[in-house]
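Here is a friendly walk through some contacts worth a look. Have the viewer open as you read along.

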Amino acid sequence: MNIEVSTIFQIAGIGIIVAMIHTVLKQMGKEDMAHWVTVIGFVVVLFMVVRLLNELFQEIKAIFLFQ
Amino acid sequence: MEILQLAGIGLLATVLILIVREQKPVFAYMLAVFVGAAIFLELIGNIDSVVSMLEDLADRSGVPSVYLKTMLKVIGVAYIAEFAAQIVRDAGLESVAGKIEFAGKMLILVMAVPIIGVMIETVLNLLPA
């Protein structure tokens, strides 16, 4: 339970920080760099979410007798 | 008081999602998926005890285990289909969500076919020849 709550905060934090970096880089005139930052942040968050989804599906498989 | 924790996580996540959505909608969506999965994962431990109780009951009443296994599989498929459809619906893709639900219904029907066959057999046996 604790791990999940901290991960929720992590994802929200990554989202806000990436938005901030995006804005700063855009102001500096580095559009392409800003887009790469967004993509990399997205991949990191996606990795976290997919890991939890994998755990969930494994659990469902184990409990509801899928073999 | 597990419900307090779960409701708290839900409320907290809602506030965070509303904040993040202003800046980056994709991250808000990912956060919603994560929270959904986390709450499901938290609940599934409780379902485990219910399932083991059902198995015990079926064992004692002599119901063939095939029926209970099929029933549990149907519940599992319904669970997964509902979860995926809700997530997709959150993203605003109503048509894809409908297809996932349709796929779930189809697979459940396929799994239920043997049981329906047994039922029809029983009814036919009851009818006078």
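What follows covers contacts between chains, between domains and between helices.

This is a predicted model. Let us begin where the chains meet: chain A brings 27 residues to the contact and chain B brings 32 residues. On the side of chain A that touches chain B, the elements giving two or more residues are α1 (2–27) and α2 (31–63) of chain A. The largest share of that side, 12 residues, is supplied by α2(A).

Within chain B, the domain assignment gives domain 1 (1–46) and domain 2 (64–129). Their C-alpha centres are 28 Å apart. Even so, 5 residues of domain 1 of chain B are in contact with 4 residues of domain 2 of chain B.

Next come two helices of chain B, α3 (residues 65–90) and α4 (residues 94–126), with axes that come within 8 Å and cross at roughly 175 degrees. How is α3(B) oriented relative to α4(B), roughly parallel or roughly antiparallel? Because angles over 145 degrees count as roughly antiparallel, α3(B) is roughly antiparallel to α4(B). Among the residues making this contact are B:Tyr67, B:Val74 and B:Ala81 of α3(B), along with B:Ile100, B:Leu107 and B:Met111 of α4(B).

The table gives the residue classes.

| Set of residues | Nonpolar | Polar | Charged |
|---|---|---|---|
| Side of chain A that touches chain B | 22 residues | 2 residues | 3 residues |
| Side of domain 1 of chain B that touches domain 2 of chain B | 4 residues | 1 residue | no residues |
| Contact of α3(B) with α4(B) | 17 residues | 2 residues | 4 residues |

How values were computed: Residues are numbered from 1 along each chain as its sequence is written. Chains are lettered from A and ligands numbered from 1 in the order in which they are written. This is a predicted model: local features need pLDDT of at least 70, side-chain atom pairs count only at pLDDT 80 or more; totals for chains, interfaces and linings use all residues. Two residues are in contact if their C-beta atoms, placed from the backbone, lie within 7 Å. Helices (H or I, at least four residues) and strands (E, at least two) are DSSP runs, numbered from the N terminus. Ala, Val, Leu, Ile, Met, Phe, Trp, Tyr, Cys and Pro count as nonpolar, Asp, Glu, Lys and Arg as charged, and the others, Gly among them, as polar. Domain bounds come from an automatic or database domain assignment. Axes are lines fitted to C-alpha atoms, for helices over the stretch in contact, and angles run from 0 to 180 degrees between N-to-C directions. Angles under 35 degrees count as roughly parallel, over 145 as roughly antiparallel, 65 to 115 as roughly perpendicular and the rest as oblique.
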